[in-house]
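Here are some short exercises to work through with the model open in your viewer. Try each one before you read its solution.

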Amino acid sequence: MPHIKTSQTNRLSKTFLDTKSQKCGLRCTVFSVDGNEYTGEWLNNKKHGKGTQVWKKSGAIYTGEWKFGKRDGYGTLSVLLPETKEYEKKYCGGWENGKKHGFGLQFYKNAAVYEGGWIEGQRGVWGRMCYESGDVYEGEWLMDKTHGQGTIRFGQILEGFWVDGVAKCGTLSDFQRSEAPTPTKYSIPQLQLMDMDLVLSEAKSAYLETLSSKFPLARDKLAKKE
């Protein structure tokens, strides 16, 4: 009998300690074994709510919303610059399931900036990309590449259709050429396609084929519309 009482007491004690050790609500800084640290809200022992995570190895810092242990909601990611020991903002915007998702602003090392939509960590739907050279692309994206209708400005402006990051067809015209950082040497000669409708049709077919192969649900929706 004494042995049974001791066993029951141990089980009750363990359950009580497990419950008390569960992180829930607002907590002070919690350090992990790899040196990372988190300050913020918890739910059932997982980061949940608003909080700040600092990664020791990469020097990155995230401040924003969390959901069941993953970045989810609105947040800002910054990196530590070794030479200045200061943080530089890299991304601010939406997150879902730990990845960039929704609308966000991304800053690149070469001073390029992307503003627009994200899908599971990749540029998607619609966005504007400002390159270091001064060129600007504004239009549709898919799987981190220009894909669909868009416009690119580089002293000349190309309005057309992109497939998997490559411009397939469009209209090229001079656009503030004299004010461009690196203007083209010659103006655009007058050219005309023999069969413009055929070119546009082929480009659109290629776009839809790529879209449907990578996103079956989108393919089904397009089939229903037709």
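Two strands count as paired if DSSP finds at least two bridges between them, and strands are DSSP runs of E, at least two residues long, numbered from the N terminus, while helices are runs of H or I of at least four residues. This is a predicted model, in which local features need pLDDT of at least 70, side-chain atom pairs count only at pLDDT 80 or more, and totals for chains, interfaces and linings use all residues. Residues are numbered from 1 along each chain as its sequence is written, and side-chain values use heavy atoms, with hydrogens and water left out.

**Exercise 1.** Find which residue stands opposite Leu77 in strand 6.

Solution. Start with the strands: strand 5 and strand 6 (residues 86–96) run antiparallel and are joined by 9 bridges. Next, look across from Leu77, and you meet Tyr91 in strand 6. Finally, follow the chain through the hairpin: 4 residues lie between these strands, and Lys85 in the turn has a positive phi of about 60 degrees.

**Exercise 2.** Describe how strand 4 and strand 5 pair.

Solution. Strand 4 covers residues 61–67 and strand 5 covers residues 70–81; their pairing is antiparallel, over 6 bridges. Now pick out one pair: Lys67 has Lys70 of strand 5 as its bridge partner. Then check the hairpin, where 2 residues separate the strands and Phe68 takes a positive phi near 50 degrees.

**Exercise 3.** Summarise the whole protein chain.

Solution. Count the elements first: 3 helices and 13 strands. Then turn to burial (under 20% relative accessible area, with a 1.4 Å probe and protein chains only): of the 226 residues, 29% are buried.

Key
Buried means under 20% relative accessible area, exposed over 50%, partly exposed in between (1.4 Å probe, protein chains only).
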